[in-house]
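Trainee: I am new to this structure and would be grateful for a close look at one part of it. Could you please take me through a place where two helices meet?

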Amino acid sequence: MKKLFLTILASLLIAGCTSKPVMNLNNVYVPTAVTGQQHTVEDVQKAILTAAEQRGWSARVIKPGLILANISVRTHSATIEIPYSSTSYSIDYKDSQNLDYDGTDIHRNYNNWVVRLSRSIQQQLGVSTQNY
């Protein structure tokens, strides 16, 4: 019985550490503002910077239309590029440490961080993300 328990526990631990393909979000749609007007590039930039701060990312504008952000959690870190315009934004993997990136796959926490960041950006742009 004890061996069975240890085998199941080991399987769960191994499954919990699985890697997934790196998630890049490409050309995520920026919705119109509540007023019906299209957001400006400045609105999108502000939404990204605010969402990044709320989610624990350090973000800075590299040049108009491009933000570089990084996050550090314990001994893990990731860096992303966020190109943006008034109509869309993307979140692209740039670099990481201690996330087992092998050129294709990365620790699943990275993808979770990216999805949560995108949800927060959408919220800042006025989208309800209850089902997102």
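Mentor: The following account concerns one pair of helices and then the nonpolar core. Please note that the model is predicted. The two helices are α2, residues 41-54, and α3, residues 108-124. Their axes lie 8 Å apart and form an angle of about 130°. An angle between 115 and 145 degrees is classed as oblique, and α2 and α3 are therefore oblique to each other. Their crossing is right-handed. By class, the contact of α2 with α3 comprises six nonpolar residues, four polar ones and no charged ones. From α2 come A47, I48, T50, A51, A52 and Q54, which meet L117, S120, I121 and Q124 of α3.

Q124 deserves separate attention. This residue belongs to helix α3. Beyond its neighbours within four places in sequence, Q124 is in contact with A47, T50, A51 and Q54. Although Q124 and I48 are 76 residues apart in sequence, their C-alpha atoms are 7.8 Å apart in space. Q124 has a relative accessibility of 34% and so counts as partly exposed, since that class lies between 20% and 50%.

L117, by contrast, leads to the nonpolar core. The largest such core has 28 residues, and I82, Y89, I91, Y110 and L117 touch the most other members. Both α2 and α3 supply at least two residues of this core, as do the strands β2, β4, β5 and β6. Y110, leaving aside neighbours within four places in sequence, is in contact with V22, M23, A78, I80, D92, Y93 and L99. In soluble globular proteins, nonpolar side chains tend to be buried together.

Definitions and conventions
Residues are numbered from 1 along each chain as its sequence is written. This is a predicted model: local features need pLDDT of at least 70, side-chain atom pairs count only at pLDDT 80 or more; totals for chains, interfaces and linings use all residues. Side-chain values use heavy atoms; hydrogens and water are left out. A nonpolar core is a set of buried Ala, Val, Leu, Ile, Met, Phe, Trp, Tyr and Cys residues joined through side-chain atoms within 4.5 Å. Buried means under 20% relative accessible area, exposed over 50%, partly exposed in between (1.4 Å probe, protein chains only). Helices (H or I, at least four residues) and strands (E, at least two) are DSSP runs, numbered from the N terminus. Contact means heavy atoms within 4.5 Å. Axes are lines fitted to C-alpha atoms, for helices over the stretch in contact, and angles run from 0 to 180 degrees between N-to-C directions. Angles under 35 degrees count as roughly parallel, over 145 as roughly antiparallel, 65 to 115 as roughly perpendicular and the rest as oblique. A crossing is left-handed if the near helix is turned anticlockwise from the far one by less than a right angle, and right-handed if clockwise. Ala, Val, Leu, Ile, Met, Phe, Trp, Tyr, Cys and Pro count as nonpolar, Asp, Glu, Lys and Arg as charged, and the others, Gly among them, as polar.
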